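Welcome, and please have your viewer ready. We will go from one selection to the next and look at what is there.

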Amino acid sequence: MRPEHKNVPAFPPGPHLDSDCRGAASVLARVGDKWSVFVIMMLGDGAKRFNEIKRMIGGISQRMLTLTLRGLERDGLVTRTVFPTIPPRVDYELTELGRGLSAPVKALGQWAIEHQPEIQRARTKFDARNES
């Protein structure tokens with residue numbers, strides 16, 4: 001078999017700005033982070049308090065949850081509402097932008113849950129192949 005040229009149609013060159021890639025990478029880093037995915041999934045059905053979110057997400061530390069919520073708030077995906085009670089009550093809720101992201105994130109999370117056995121088999125097979 002020898003390599004040969006195939007006539008493949010290509011998209012016409014368009015304007016490409018490095019800043020577009022960096023901006024998209026920044027957003028994808030936030031929404032693709034495992035803790036952000038979990039938080040967005042948990043807030044998908046309404047506002048929750050900090051400790052409620054923490055209980056729902058096994059394994060997340062208080063500091064990591066705080067950093068994740070701050071990052072999501074900074075990116076306009078989550079709002080933080082403080083109620084003037086004693087002790088103060090703080091609720092976190094998805095913004096309109098965050099709700100728009102909720103469906104694809106939930107689908108990604110569901111896909112990951114459904115395919116865990118297949119992925120684990122692939123990892124085991126890969127690891128066994130690379131141990132020799």
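**Stop 1: L69 and its surroundings**

Start by selecting L69: outside its neighbours within four places in sequence, it is in contact with V39, F50, I53, V78 and Y92. Keep in mind as you look around that this is a predicted model.

Which residues have the most contacts inside the largest nonpolar core? They are V39, I53, L69 and Y92, in a core of 22 residues. You have just met these names around L69, whose contacts include V39, I53 and Y92. To see where the core comes from, colour α2, α3 (50–56), α4, β3 and α5 (96–114), each of which supplies at least two of its residues. The largest share, 6 residues, comes from α2. As background, nonpolar side chains in soluble globular proteins tend to be buried together.

**Stop 2: where α2 meets α4**

Next, show helix α2 (residues 34–42) together with α4. How do their axes lie? They come within 10 Å and cross at roughly 75°, which means that α2 is roughly perpendicular to α4. Now display the side chains at this contact: W35, S36, V39 and I40 from α2 meet M64, L65, T68, L69 and L72 from α4. Sorted by type, the residues of this contact are 7 nonpolar, 2 polar and no charged.

**Stop 3: T68**

Stay with helix α4 (residues 62–74) and pick T68, which lies in it. Is T68 buried or exposed? It counts as buried because its relative accessibility is 3%, and the cut-off for buried is under 20%. Leaving out neighbours within four places in sequence, T68 is in contact with D33, W35, S36 and V39. Of these, W35, S36 and V39 belong to the α2 side of the contact you just displayed.

**Stop 4: the sheet**

Now switch to the strands. Three of them make an open sheet, with antiparallel pairing and the order β1-β3-β2. β1 (48–49) and β2 (78–83) are at the edges, each with a single partner strand, so one side of each has no neighbour in the sheet.

Select β3 (residues 89–94) with β1: these strands run antiparallel and are joined by 2 bridges. Two pairs are worth labelling here. R49 has D91 in β3 as its bridge partner, and K48 stands opposite Y92 in β3.

Then turn to β2 and β3. How many bridges pair them? There are 6, in the antiparallel sense, and the two strands form a hairpin with 5 residues between them. Label R80 on this side, and you will find that it stands opposite Y92 in β3. Y92 therefore makes a good landmark for the tour: K48 stands opposite it, R80 stands opposite it, and Y92 is among the core residues with the most contacts.

**Stop 5: α5 and α6**

For the last stop, select α5 and helix α6 (residues 116–131), whose axes come within 5 Å and cross at roughly 60°. The two helices are therefore oblique to each other. Show W111, A112, I113 and E114 in α5, which meet Q116, P117, E118 and I119 in α6. The residues of this contact divide into 5 nonpolar, 1 polar and 2 charged.

Conventions: Residues numbered from 1 in each chain as written. Predicted model: local features only at pLDDT ≥ 70, side-chain atom pairs only at ≥ 80, totals over all residues. Heavy atoms only, no water. Pairing = 2+ DSSP bridges. Helix = DSSP H or I, 4+ residues; strand = E, 2+ residues; numbered from the N terminus. Buried < 20%, exposed > 50% of the residue type's maximum accessible area, 1.4 Å probe, protein only. Contact = heavy atoms within 4.5 Å. Axes fitted to C-alpha atoms, helices over the stretch in contact; angles between N-to-C directions. Parallel < 35°, antiparallel > 145°, perpendicular 65-115°, else oblique. Nonpolar A, V, L, I, M, F, W, Y, C, P; charged D, E, K, R; others polar. Core = buried A, V, L, I, M, F, W, Y, C linked by side-chain atoms within 4.5 Å.
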